[in-house]
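Student: I've got a model open and I'd like to learn how to read it feature by feature. Can we go through it together?

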Amino acid sequence: MFKDKWVIEAMKGTSLGTKLSALKRFILDKSKIDDLTKCALCPNMCRFACPINIVHARETTSPAGKSRIAYLLRENFIPVNQDNVEPLYYCINCDACSVHCPYSYSVNDLIKPMRSNILSSGIYPSSINALINNLKESKCIYPELKTRVSGSINNEEKIDVLYFPGCIALKYYENEVMGALRIFEKIGFKASLFNKPIDCGYIAYELGIESLFIEIARSLVDELNKFDARFIVSPCPECVYMLREVYPHYKIKVRAKIYHTLEFISNHLDKLDLRISDEATYHDSTTLSIKLDEPELLLDVLSRLGIKVISPVRYGKNSFETASENSILYWVNKDLANEINKERFNELRRFSSKIIVPSYASKKSLEGFGGEVIEIMEFLLKEIEKR
Ligand code: SF4
Ligand code: SF4
């Protein structure tokens with residue numbers, strides 16, 4: 001009520017009828033306006049922080065633009081067809097909008113229910129057909145991993161750390177993932193790799209296919225809970241977010257404590273006994289900095305190692321997220337995803353040719369444009385091996 005005092009001021013000197021109508025319209029009825037409508041009415045105050053808006057620069061895929069389309073679809077003002085639903089998938093689920101929104105809205109959260117409705121009516125961009133089939137059939141975004149990733153894991157033994165790399169790391173960085181186990185051993189923890197290619201359900205969750213997300217999550221947790229591990233550590237911020245923050249809402253319970261590698265390493269950094277004279281810049285994942293509320297973790301770890309760290313323009317909660325293979329956008333428009341990644345890479349490269357990243361998803365998004373992009377555990381292992 002207090003914030004709306006300006007309405008009362010503005011109405012001074014008007015007739016009683018106008019006053020009553022303004023009071024009803026601006027104050028009493030306002031509470032009835034739902035969040036999606038408020039966002040649809042907003043003049044796009046967060047658009048400067050949205051990676052899609054910065055690179056794609058179209059009104060329909062701007063933050064408020066997507067909310068307007070979701071609103072128009074919901075109210076049946078426009079038909080549900082491929083063209084009209086497509087902008088709802090132009091999002092990398094980064095929540096950068098929420099940092100600058102006066103209401104703290106995440107557009108992704110606002111439009112997700114509409115994605116869910118249109119999916120159940122069977123109308124969605126045809127480009128995500130394969131993705132949905134992969135998730136249904138293999139519980140993984142990469143079905144080929146089922147046959148490629150080998151070996152059974154011994155889950156009889158008591159271990160300290162179960163290292164859960166996530167699908168992108170298993171697909172592209174098998175050797176690097178094995179190297180991380182040596183770091184856990186070095187800081188005194190007995191570690192095993194969880195190499196079953198089961199997704200954490202993040203993409204199904206973001207697509208709004210709740211039943212599929214729950215099925216994937218339950219099957220992952222059944223496997224994880226077979227291990228007698230104290231900690232589950234993952235280099236994937238999205239996996240950590242799902243296991244630690246989202247699963248409990250669905251009463252899906254992981255027995256071990258869950259950490260991102262940076263959180264875990266940060267607690268034991270002294271045991272590595274490393275001083276590194278190097279210079280680098282870094283990329284912050286918004287899942288870590290916003291969703292998991294760890295905006296300075298990577299900067300802090302690098303600084304404590306003695307590295308001369310040069311912060312890019314956009315970092316912490318203001319970071320510019322990449323469009324990785326676990327974002328919906330990647331599967332809907334790979335060219336745009338690539339442009340977003342290039343934009344981020346070009347920014348980081350201005351600060352240093354060495355870019356340290358907190359996840360293999362970020363590494364995959366940023367490498368290939370020219371500089372050295374190195375995941376934090378990979379970086380630590382290289383330094384340890386030099387000694
Ligand atoms: S998320 Fe907030 S700031 Fe961004 S368009 Fe919606 S209401 Fe406006
Ligand atoms: S979640 Fe990220 S990509 Fe999606 S609208 Fe918000 S800022 Fe843009």
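Student: Which residue follows α12, and what is the sign of its phi?

Tutor: Keep in mind that this is a predicted model. The residue after α12 is Gly-188, and its phi is positive, near 95 degrees.

Student: What about the helix itself: which residues of α12 are buried?

Tutor: For burial, count the neighbours: a residue is buried if 20 or more other C-beta atoms lie within 10 Å of its own. In α12, which runs over residues 174-186, Val-177, Ala-180, Ile-183 and Phe-184 are buried. Viewed down the helix axis, the buried residues of α12 sit within an arc of 100 degrees, so they line one face of the helix.

Student: Which residues are on the face turned away from that buried side?

Tutor: Asn-175 and Glu-185, and these are exposed.

Student: And what do the buried residues of α12 pack against?

Tutor: Two strands and two helices: β1 (158-163) and β2 (191-193), plus α11 (167-172) and α22 (376-386).

Student: Back to phi for a moment. What sign should I expect in general?

Tutor: Most residues other than glycine have a negative phi. That's a handy filter when you scan a backbone. Here, Asn-93 has a positive phi near 55 degrees without being a glycine. Asp-273 is another non-glycine residue with a positive phi, near 50 degrees.

Student: Where does Asn-93 sit, and is Asn-93 buried or exposed?

Tutor: Asn-93 is in the loop between α6 (82-85) and α7. Asn-93 counts as buried because there are 23 C-beta neighbours inside 10 Å.

Student: Is Asp-273 buried or exposed?

Tutor: Exposed, because Asp-273 has 10 other C-beta atoms within 10 Å. Asp-273 also lies in a loop, the one between α16 (261-272) and β5 (279-282).

Student: While we're at α6, what can I read from Asp-83?

Tutor: Asp-83 is found in helix α6. With 10 C-beta neighbours inside 10 Å, Asp-83 counts as exposed. Sequence separation and distance in space are worth comparing too: Asp-83 and Pro-125 are 42 residues apart in sequence, while their C-alpha atoms are 8.3 Å apart.

Student: Now the ligands. Which residues come nearest to ligand 1?

Tutor: List the shell, then ask which elements supply it and what kinds of residue it holds. Ligand 1 has 14 residues around it, and the nearest are Cys-39, Cys-42, Cys-46, Ala-64 and Cys-101. Helices α3 (35-41) and α5 (63-74) each give at least two residues to the shell, and α5 has the largest share, 3 residues. By kind, the shell around ligand 1 holds 11 nonpolar, 2 polar and 1 charged. When you read that split, note that Cys counts as nonpolar.

Student: How many residues surround ligand 2, and which are the closest?

Tutor: There are 15, with Cys-50, Cys-91, Cys-94, Cys-97 and Val-107 the closest. Each of α4 (51-56), α7 (96-100) and α8 (107-120) supplies at least two residues of this shell. The residues around ligand 2 split into 11 nonpolar, 3 polar and 1 charged.

Student: How is the chain divided into domains?

Tutor: Domain 1 covers 33-124 and domain 2 covers 272-386. Their C-alpha centres lie 27 Å apart. To read a domain contact, look at what each side contributes: 15 residues from domain 1 and 16 residues from domain 2. On the domain 1 side, α4 and α7 are the elements that give two or more residues, and α4 gives the most, with 4 residues. That side divides into 11 nonpolar, 3 polar and 1 charged.

Student: Zooming out, how many helices and strands are there in the chain?

Tutor: The chain has 22 helices and 8 strands. For overall compactness, compare the radius of gyration with the globule rule: the chain has 23 Å, close to the 21 Å the rule gives for 387 residues, so it is as compact as a globular protein of that length. Along the principal axes, the C-alpha trace spans about 80 × 45 × 35 Å.

Student: What share of the residues is buried?

Tutor: Buried residues are 45% of the 387 in the chain. As for contacts with a separation of 6 or more, 72% are between residues 24 or more positions apart.

Methods
Residues numbered from 1 in each chain as written. Chains lettered and ligands numbered in written order. Predicted model: local features only at pLDDT ≥ 70, side-chain atom pairs only at ≥ 80, totals over all residues. Near = placed C-beta within 6 Å. Domains from an automatic or database assignment. Contact = placed C-beta atoms within 7 Å. Rg over C-alpha atoms; globule rule 2.2 N^0.38 Å. Buried ≥ 20, exposed ≤ 12 C-beta atoms within 10 Å, placed from the backbone. Arc of directions from axis to C-beta.
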